[in-house]
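Biologist: I am new to this structure and should like to learn how to read it. Could we take a few features in turn?

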Amino acid sequence: MTTTLPDEATRPDAPVPPGETTLVRDHGPGPGPARDHTPRHGHDHDTVRLRAAAAFVREHGTATLLPRLLPGLRGPELAALAAHCRFAHVGILLFPPDARHLRGQLADCALAADTPSHPSVVVRDRLARRHRRDPAELDVRILRPRVHGRAGERRAVEVFALMVPDRSDLEPVAAHERALGHEAHVAFELERPDPLLLRGLCAVLTRYGARPDGGGYNPHEDGTVLYFTTPADATCGYRRLELYAPGDHRDALAAHIERPAVNRPAEALLHLLTGAWTTQAIGTFAHLRVPEAMATDAVTDTRELARRTATHPDGLAALLRYLTMLGIVAEDDAAAGQDGFRLTPLGALLRADHPDTMRPLALMYAGPFYRSFAALDHTVRTGQPAFDHLFGENHFDHFARDPALADLFDRSMAASSRMFRPVPAHPVITAAAQSPTPRTVVDVAGGNGELLGRILTAHPGLRGVLLERPHAIEAARRSLDALGCGARCDYRGGDFADVPHGGDVYLLSRVLHDWDDDRCGEILRHCARAMPDHAGLLIVERLLPTDGSPSLATAWDLHMRCNVGGRERGAEHYARLLADAGLELLDRTPLPLEAHVLHARKAPAGRVAADRP
């Protein structure tokens, strides 16, 4: 089951994107776990998603939706993009057993049940590739029932329908697609389908983090579709964006889906081999504090930048030209007759004073972790962390002995804290906060208290306990005191064997991926022993994809093995580890930056006994 939470840009009552569901919770009397009323039948689940899609289309407009899909897009580029394309529809893939059932679903959602349909070539072929099926056995139809926006704008819900009768051999396909929502997307249509304009819009989308993700030409409606994957920090809930252009634009389509690794393998490989240069260029840019000497709304002359940062003008110019290719800065040769540059929204994240600064991550990845990655062959050959091999001790002990390095590590962890923003609204947290008796949240290995601080700030009635190694306690105390919630938090110095008993909610945030399966089992058993029967356990981690799709988790899996000796895992892997510890996985919730919250609790005694040999 996948649930969705509101974040800073999503109202608690906002429509849920197709492909995700909400949990309707009945907390009832007493402290027991919430009861799950999510529809169990796939067809009912389809109706819920269809209704949510229609509501989403009615609520949103082009100019407000684009910045949520492409964070950082604003000003003239937002105005230009909004002027040339319009929010047209939301796409959703359904699996009705027959056409009659589909008409009933449309009617139940106040959509025209008699909407005509025609074949969908693009989605059919994508499904066939994903599931290794013969396209001829997949009869995918497309319907576009009309929906009007708040100001009467003509829009639609784009419904793809693959008929899956009960007990059909296509049921596994339907289950997989419902769970992952591959075809759920938000679509924009070009107002004027000019080939040059289409390429220009594609360039803007990719500049703000959208990644080309296929497309196709549909001869049945004479239209060209270009798909993109939205950036990880998009806040509207959709991971895919469609750009639709009426007419045949197969030249633009070919450029969009071109794979350099196939067409120009030597050039593609050369770009990949220079990836280390990118890491060091960004790290050097941050280390020398060049971003702080630049502005996003004004161009600065290169020699003036060199003076401000005590760097060599020619060397700095070379660095900035390289960073221009990465979208970190933008070049302007009209600044006082000299080469000049301005900081882009992407580069602004490297400023120390940016509210979502990623400068500590840049320094960490271009520093200690860069050195250890140079010894990756040791990890691949032996299965042991390259960091330990290079530095002679594990990274926890190494950082603990160096206060400056420990501080940098804590700040680098906090740089990814935007993934925590929706967590205080998780049903387990809100249920504890609404209890008539005081409830306690226990943050196990909670670092500097970033997540616990967010929860306590959002819910003044909750108390907290933070368990950490003694050297980290003071930093957490300062952080929580600064947030004004330190008086409601107790601090325990210790290890995982010291998990406090009697809490109501337990947190393991980015902890389990640090360890191998045996150690993870120990940690989970310590938590299970400390948890009362009513308590919930929330685990924040990235999840490995099951379909081989690109994912931050796949990259972090290699990173964790090289530097920590841990690993990333899939949801089923975590479910097995939890079951072995006497816990059961109830549901999972997507978070920003491709993270998830896994919700678990103690398994009923009878079930645990039955599962043991």
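Modeller: The turns below cover strand pairing, a surface patch and aromatic contacts. Please note at the outset that this is a predicted model.

Biologist: Let us begin with strand 8. Is strand 8 largely enclosed or open, and why?

Modeller: Burial is judged by relative accessible area, and a residue under 20% counts as buried. In strand 8, which spans residues 185–190, 5 of the 6 residues are buried, so the strand is largely enclosed by the rest of the structure.

Biologist: Which strands pair with strand 8, and in what sense?

Modeller: In a regular strand, side chains alternate between the two faces of the sheet. Strand 3 (residues 85–94) pairs with strand 8 in the antiparallel sense, over 6 bridges. Strand 11 (residues 240–246) pairs with strand 8 in the parallel sense, over 4 bridges. To locate these pairings, find phenylalanine 87, which stands opposite phenylalanine 188 in strand 8. Then find alanine 187, whose bridge partner in strand 11 is glutamate 242.

Biologist: Turning to the surface, which residues make the nonpolar patch of about 460 Å²?

Modeller: That patch is made by Leu269, Leu270, Leu272 and Leu273. Leucine 269 belongs to helix 10, residues 265–273. With a relative accessible area of 47%, leucine 269 is partly exposed.

Biologist: How many aromatic pairs does a search of the whole structure find?

Modeller: The search finds 11 aromatic pairs. One of them joins phenylalanine 369 and phenylalanine 399 in a tilted arrangement, 6.2 Å centre to centre with 50° between the planes. This pair links distant parts of the chain, 30 residues apart: phenylalanine 369 is in helix 16 (residues 368–373) and phenylalanine 399 in helix 19 (residues 395–400). Both phenylalanine 369 and phenylalanine 399 are buried.

Biologist: What is the geometry of the pair formed by phenylalanine 496 and tryptophan 515?

Modeller: Phenylalanine 496 and tryptophan 515 are edge-to-face, 6.1 Å centre to centre and 90° between the planes. Phenylalanine 496 lies in the loop between strand 17 and strand 18, and tryptophan 515 in the loop between strand 18 and helix 24, so the pair ties together parts 19 residues apart in sequence. Phenylalanine 496 counts as buried at 8% relative accessibility, whereas tryptophan 515, at 24%, is partly exposed.

Biologist: Which residues form one aromatic cluster?

Modeller: The cluster consists of Tyr365, Phe369, Phe387, Phe391, Phe399, Phe409 and Trp556.

Biologist: Finally, which arginines lie over the face of tyrosine 227?

Modeller: Arginine 126 lies over that face at 4.9 Å from the ring centre, and arginine 240 lies over the face of tyrosine 227 at 4.0 Å from the ring centre.

Methods:
Residues numbered from 1 in each chain as written. Predicted model: local features only at pLDDT ≥ 70, side-chain atom pairs only at ≥ 80, totals over all residues. Heavy atoms only, no water. Buried < 20%, exposed > 50% of the residue type's maximum accessible area, 1.4 Å probe, protein only. Helix = DSSP H or I, 4+ residues; strand = E, 2+ residues; numbered from the N terminus. Pairing = 2+ DSSP bridges. Patch = residues over 30% accessible without salt bridge, like charges linked within 9 Å, V, L, I, M, F, W, Y side chains within 5 Å. Areas by Shrake-Rupley, 256 points an atom, 1.4 Å probe, with all protein chains shown as cover. Salt bridge = Lys/Arg side-chain N within 4 Å of Asp/Glu carboxyl O. Phe/Tyr/Trp six-rings, centres within 6.5 Å; stacked < 30°, edge-to-face > 60°. Lys NZ or Arg CZ within 6 Å of the ring centre and 35° of its normal.
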